[in-house]
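Biologist: I'm new to this one. Could you walk me through how to read it?

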Amino acid sequence: MSFEPRSIPVDPDAKGALASKGLDYRLIDPSDTEALDGWIDADHRGFHHARPREVTREYERRVMGERRLHGVFDPGVPDPDVPVATVSSWPTGLSVPGGRSVDGWAVSSVTVSPTHRRRGIARAMMEAELRAAEHAGAAVAMLTVTEATIYGRYGYAPAARAATIEIDRRRAKWNGPSAPGRVHFVEPAALRDAAAAISRRAVARTPGEIDRWAGILDRMLGLVDPESDASRALRAIRYDDEHGQPQGFAAFRVTREPNEPGWAEFDVFAAATDDAERALWRVLVEQDFVTGVRGRLRSVDEPIEWLLEDPRAVRVVDVTDHLWVRIVDAAAALGARRYGAAGELVLDIDDPLGYAAGRYTLLASADGRAVVHVPRSDGSTDAASATASNSTAAPKRERSRARAAGSEGSGSRAAARAAEPRSLKLDVRDLASIYLGGVRPSVLARAGRITASSNGALELADRMFASTRAPHLSIWF
Ligand SMILES: CC(=O)SCCNC(=O)CCNC(=O)[C@H](O)C(C)(C)COP(=O)(O)OP(=O)(O)OC[C@H]1O[C@@H](n2cnc3c(N)ncnc32)[C@H](O)[C@@H]1OP(=O)(O)O
């Protein structure tokens, strides 16, 4: 999606709702440095961060200047140029199963000043963001959250989890294959270009990752404020394959008391190949003079425990919801991913805010491609909105279903049963949770959230929505 932050008009409903409370909801002009700085100050205050140092402010200006920023202003406060509420958003790709990407709308920086809380300011902003996502043609909206109780009411749900993993150094004896390439220490600044290329490939192969924005690597590699203690403690490593091509990188810090072994901690790790992934893990866990290694924002199915002689060296100490997704255009979202099994499934989606509500017929073929049929109000169906559809899938499915019906034999009841589509009834949040393969539909059925027309429907849904690679988002946004 090409994007000019101010190309979407300010949402009139949000503007009206907030004006009725004496507040002004405005789009920030990124070329107005004073307005941008006021917004940055409010964002830092809202998240309880210290006031930004000048280097951080310059970085924030660069990053936020590319986004769509809204502030809510109260003319009655002593500093009326600093908004009492903030939100930022931008269009970006979300990786989905099958090595594909879907158009998404990222939402971040949602803050409301404690002096203005619980008056419906966040609700007005969040509902406006959904309308903006729809306006921009996004199939999904997404965010990472401070608290898990805020965003369900707008139709968001956890779609990819993240784990904190600890490895006990004394027990970490390598048992996996050796990678053909080599791992080197590199200065973070020298890693920037290779890291961008590696990240693009790592994102593409992992459902749940979002496209990296310009500037994020500077933050991850400690280049925003390189003289800070935190940046100077960061050590970067890069894996080059047997041809000398960079294929992975990680950055870690060792935190320790003087003369005591410490912990090697990391949350920066990107691998474009399995060799790179194994080689980086090996260097991280085989360090001496450390008690252990702690990796944050890791996948829930990291291979590390299968690479060590003693799998109990690895402890998953925390698993939490991390990426939250909101399905905005169900046909486009469902049509974009690839499926784990062929089949026909009817999805009856309930969406209190309306965006994805309706009955969708999902037809997946053996190669994983899908067509989504959406009934029109006149009773005909419309498959055009399934962006990644394979037009040969439907006739194939029709033929196989006709064959299945025929093979049932003579009874008309059997034929009718065979023709009856397998269906699931689910809320838009449950669709978001199964969308990337992060939870099986049958688990949500056991939780009483999804109703299936039959056990066969649930089994089929489990197989269709399965993802070879567990969905995983390895950054905050
Ligand atoms: C994507 C991100 O940026 S995640 C970051 C979220 N921001 C933060 O954590 C910063 C600190 N918190 C805040 O700034 C604010 O408390 C916010 C943004 C979470 C909420 O702002 P408010 O303007 O107070 O919310 P608002 O009054 O619009 O409430 C809307 C609904 O959310 C509920 N709600 C608001 N905050 C919370 C919360 N922390 N936990 C649970 N529910 C909440 C309200 O009860 C209300 O419910 P209802 O309308 O369904 O009855």
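Modeller: Sure, let's start on one face of a helix: in helix 1, Pro 12, Asp 13 and Gly 16 are exposed, on the other side from the buried residues. Keep in mind that this is a predicted model, where local features need pLDDT of at least 70, side-chain atom pairs count only at pLDDT 80 or more, and totals for chains, interfaces and linings use all residues. Residues are numbered from 1 along each chain as its sequence is written.

Biologist: What do "helix 1" and "exposed" stand for here?

Modeller: Helices (H or I, at least four residues) and strands (E, at least two) are DSSP runs, numbered from the N terminus. A residue is buried if 20 or more other C-beta atoms lie within 10 Å of its own, exposed if 12 or fewer, and partly exposed in between, with C-beta atoms placed from the backbone.

Biologist: Which residues of helix 1 are buried?

Modeller: Ala 14, Lys 15 and Leu 18, in a helix that covers residues 12–19. They sit on the same side of helix 1, because they cover an arc of only 100° around the axis; the arc is that of the directions from the helix axis to the C-beta atoms.

Biologist: How do I describe two packed helices?

Modeller: By the angle between their axes and the distance between the axes. Axes are lines fitted to C-alpha atoms, for helices over the stretch in contact, and angles run from 0 to 180 degrees between N-to-C directions. Here helix 1 and helix 4 have axes 8 Å apart, at an angle of about 170°. The two are therefore roughly antiparallel, a label for angles over 145 degrees (under 35 is roughly parallel, 65 to 115 roughly perpendicular, the rest oblique).

Biologist: And the active site: where does the record put the residues?

Modeller: An unreviewed UniProt entry annotates Tyr 151 and Phe 477 as "active site". UniProt positions are given in the numbering used here, feature names are shortened, and annotations may be inferred rather than shown by experiment. Tyr 151 lies in the loop between strand 5 (140–143) and strand 6 (157–168), while Phe 477 comes in the segment after helix 14 (455–465).

Biologist: Is Tyr 151 buried or exposed?

Modeller: Tyr 151 counts as buried because it has 21 C-beta neighbours inside 10 Å. Phe 477 is partly exposed, with 18 other C-beta atoms within 10 Å.

Biologist: What is Phe 477 in contact with?

Modeller: Leaving aside neighbours within four places in sequence, Phe 477 is in contact with Ala 106, Ser 108, Thr 144 and Ile 210. Contact means that C-beta atoms, placed from the backbone, lie within 7 Å.

Conventions
Contact = placed C-beta atoms within 7 Å.
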